[in-house]
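Biologist: Please take one part of this structure, a single pocket, and go over it slowly. After that, set it against the rest of the chain in one connected account.

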Amino acid sequence: MTTALAAPPRLSATASRIAAIDAARGLAVLGMITVHVGVLREPVWTDPGSWLSVAWGRSSILFATLAGVSIALLSGRQHPPAGPELVSARLRILVRALVLFALGGLLTMLGSGISVILQTYALLFACCLPFLTWSPRRLLILAAGWAVIAPPLTVWLGQLLPSGCDPTAATCSGAQVTDLAITGDYPGLVWITFALTGLALGRCDLAARTTRVRLLAAGVPMMIFGYGGAWLLGLFDTPDPTEWTQLRTAEPHSGSTFEIIGSLGFALTVIGVLLFTVDRLRPILFPIVAVGTLPLTVYSAHVIAVRLLGDAATAPTGNVLLAIFLAVTVAASVVWVLTLGRGPLERGMSWIVTRAATVRGDAVPVG
């Protein structure tokens, strides 16, 4: 009896599943902050100080994969909507995309030097609308095929189409179409692969042990194949690289099939591990879950903070500033969640989406 009383109550299956997704989203946001504020160097396994570079590229891909999971959670989870419910779900997701796109444009206009991901995030939301009724199997087949087709397609189109404005420039009101879809740091043409995979994942029973095992069983081999395959091809590098050479690497933001497979494997592994451990380690993971509960607010706040700090935010003076950034972010997130619940931007998003659904006549609650 004493043992039973001392043991903390376990989270319900639904609460555990949502907490794991929030934890993954929190890690993704903290990883992107690390890339934008930290001093990163080439990773060497024997040098722990270089391990921060693991966040480069992979954090944003984890964030994009979780966009697909969010879309599934907003549209019936394991049961895709149909009829009027499908129309309502598409409307709510589209409104979210429009708000995200506008917010991304405003953050870009600050000229912080950060390539803001929110406009690509919005594009992923919009691009997933036609696939809300697809089964996980069909979604994964499409994602796998697109992972092979999209990288060479973006290189080819990038050579044909004019490049848009610099998305980090203060004079640019937002990334132009070619930057957003093809030539930017987060090319939507490639990154839709991550959202489709996340949508397929969100349509599965994340509370089931079988699903979690499959995530790890797929994620680890994908990392080995993606990063290992690129390493092997790197042994035969040519002295005169071209735009097509990047397709043989798995470097962050290369947009190659190898990067897609390796980094997507990393994302699936992280999600799988968190689904297994969040209930057992919830006191330890709670600060990360708190950050993931306020992703839009935290992400936007860090862009504004970097802009206000100016050159001091990116000066190569070690990672003291990064440590302060992360500590303040986590502490503020924990205090906010415990006292006020949802973040201000999350509340604003929910209000706008609810108003849009009300105007249309829907009474479906939004997440």
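**The second largest pocket and its setting**

Modeller: The second largest pocket holds about 710 Å³ of space. Of the 26 residues in its lining, Pro43, Arg58, Tyr227, Ala250 and Glu251 are the closest to its centre. Everything here rests on a predicted model, and the values that follow are computed from it. Sorted by class, the lining of this pocket comprises 15 nonpolar, 5 polar and 6 charged residues. Its largest share, 7 residues, is supplied by α9, the helix that spans residues 209–234.

The loop that follows this helix, between α9 and α10 (257–277), contains Trp244. With a relative accessible area of 36%, Trp244 is partly exposed, because values from 20% to 50% fall between the limits for buried and exposed. Trp244 also belongs to a nonpolar surface patch, in which its partners are Trp156, Leu160 and Leu161. Together these four residues present about 410 Å² of accessible area. The 36% of Trp244 lies over the 30% that a residue needs to be counted in such a patch, so its membership is consistent with its partial exposure.

From this open pocket one can turn to the enclosed spaces. Rolling a probe the size of a water molecule over the atoms shows where empty space is left. In this model the count comes to 2 cavities of 30 Å³ or more, and the second largest cavity has a volume of about 30 Å³. Its lining consists of Arg17, Leu73, Arg77, Gln78, Gly202, Cys204 and Leu206. By class, that lining has 3 nonpolar, 2 polar and 2 charged residues.

As for the fold around these spaces, the chain has 14 helices and 0 strands, so that each element listed from the N terminus on is an α element, if one reads the order directly. Of the 367 residues in the chain, 47% are buried.

Charged pairs form another part of the picture, and a search of the whole structure finds 2 salt bridges. In one of them the side chains of Arg25 and Asp22 meet, at 2.9 Å from N to O. Both residues lie in helix α2 (residues 13–37), where they are 3 residues apart, about one turn of the helix. Arg25 counts as buried because its relative accessible area, 9%, is under 20%, and Asp22, at 14%, is buried by that cut-off too. The other salt bridge joins the side chains of Arg282 and Asp279, at 3.5 Å from N to O. Here the two partners fall into different classes: Arg282, with 21% relative accessibility, is partly exposed, whereas Asp279 is buried, with a relative accessible area of 7%.

A last point concerns a glycine. Gly105 lies in helix α4 (residues 84–109), and it is buried because its relative accessible area of 6% is under the 20% limit. The C-alpha atom of Gly105 is separated by 7.1 Å from that of Gln119, a residue 14 positions away along the chain.

To return to the part you asked about, the pocket is an open space of about 710 Å³, with 15 nonpolar residues in its lining beside 5 polar and 6 charged ones, and with α9 as the source of the largest share of that lining.

Terms used:
Residues numbered from 1 in each chain as written. Predicted model: local features only at pLDDT ≥ 70, side-chain atom pairs only at ≥ 80, totals over all residues. Heavy atoms only, no water. Patch = residues over 30% accessible without salt bridge, like charges linked within 9 Å, V, L, I, M, F, W, Y side chains within 5 Å. Areas by Shrake-Rupley, 256 points an atom, 1.4 Å probe, with all protein chains shown as cover. Helix = DSSP H or I, 4+ residues; strand = E, 2+ residues; numbered from the N terminus. Buried < 20%, exposed > 50% of the residue type's maximum accessible area, 1.4 Å probe, protein only. 1 Å grid on protein atoms, 1.4 Å probe; cavity = no way out; pocket = protein on both sides within 12 Å on 5 of 7 lines; lining within 4 Å. Points joined across faces, edges and corners; volume = space filled by probe spheres on them. Nonpolar A, V, L, I, M, F, W, Y, C, P; charged D, E, K, R; others polar.
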